[in-house]
Amino acid sequence: MTRPDPIPARDLPPGAVRRSGEWAVGNRDGRYFAVSRRCRHQLADLAEGSLDAEGCLVCPWHQSRYDVRTGEMVEGPRGFLGYHGPTPGYTQLVAALGRLLRLRVRRAVRRGDDVVLE
Ligand code: FES
């Protein structure tokens with residue numbers, strides 16, 4: 001497995017998410033994580049997502065939520081393509097798939113002034 005470029009720790013304060021190669025790397029209340037970048041719904045870049053109050057990574061397009069410890073989608077999308085709003089049934093269907101097709105997870109640790117992926 002290739003090792004993407006390190007991220008300066010100062011660029012990754014609590015609550016931040018950054019891109020490192022094919023990974024979305026973040027700081028969840030002082031603990032670093034790395035998950036694969038492509039949302040299981042419609043492939044949005046999760047490095048452009050955000051962390052919510054529960055520490056889940058939220059997709060920037062339709063707000064699917066992911067547990068960054070397991071890569072599991074814990075809540076499905078609120079919309080599809082350019083539509084943003086309620087999608088009963090569809091949301092639960094995508095969430096069920098997202099529980100099976102989890103994001104890849106990689107260990108991220110601080111080494112000196114940088115955050116690196118192992
Ligand atoms: S692309 Fe991520 S929720 Fe739709």
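**Exercise 1. Place D67 in this predicted model and describe its surroundings.**

*Solution.* Begin with the chain position: D67 sits in the loop between β7 (65-66) and β8 (73-75). The model is a predicted one, so treat each value below as computed from it.

Next, look at accessibility. The relative accessibility of D67 is 14%, and the cut-off for buried is under 20%, so D67 counts as buried.

Then list the neighbours. Leaving out residues up to four places away in sequence, D67 touches E72 and V74.

Finally, check the polar atoms. A polar atom of the D67 side chain lies 2.8 Å from the backbone nitrogen of R69.

**Exercise 2. Is E54 buried or exposed, and which residues does E54 touch?**

*Solution.* Start again with the location: E54 belongs to the loop between β5 (50-51) and β6 (57-58).

Now the accessibility. E54 has 59% relative accessibility, and exposed means over 50%, so E54 counts as exposed.

For the contacts, set aside residues up to four places away in sequence; E54 then touches R28 and R65. With R65 there is a polar contact, side chain to side chain, at 3.2 Å.

As a last step, take a distance across the model. E54 and A9 are 45 residues apart along the chain, and their C-alpha atoms are separated by 22 Å.

**Exercise 3. Examine the backbone angle phi at D29 and at L43, and say where each residue lies.**

*Solution.* Take D29 to begin with. Its phi is positive, about 50°, although D29 is not a glycine. D29 lies in the loop between β3 (23-28) and β4 (31-36). With 72% relative accessibility, D29 counts as exposed.

Move on to L43. Here phi is near 70°, a positive value in a residue other than glycine. L43 is found in the loop between β4 and β5. The relative accessible area of L43 is 53%, and the cut-off for exposed is over 50%, so L43 is exposed.

**Exercise 4. Which residues does UniProt assign to the feature "domain: Rieske", and what is the helix and strand content over residues 4-77?**

*Solution.* First consult the record: an unreviewed UniProt entry places "domain: Rieske" at residues 4-77.

Then turn to the model for that range. Over residues 4-77 the chain is 0% helix and 36% strand.

To finish, compare the two ends of the range: the end C-alpha atoms of residues 4-77 are 29 Å apart.

Terms used. Residues are numbered from 1 along each chain as its sequence is written. This is a predicted model: local features need pLDDT of at least 70, side-chain atom pairs count only at pLDDT 80 or more; totals for chains, interfaces and linings use all residues. Side-chain values use heavy atoms; hydrogens and water are left out. Helices (H or I, at least four residues) and strands (E, at least two) are DSSP runs, numbered from the N terminus. Buried means under 20% relative accessible area, exposed over 50%, partly exposed in between (1.4 Å probe, protein chains only). Contact means heavy atoms within 4.5 Å. A polar contact is a pair of N or O atoms within 3.5 Å; within protein, one must be able to donate a hydrogen and the other to accept it, and residues adjacent in sequence count only if both atoms are side-chain atoms. UniProt positions are given in the numbering used here, feature names are shortened, and annotations may be inferred rather than shown by experiment.
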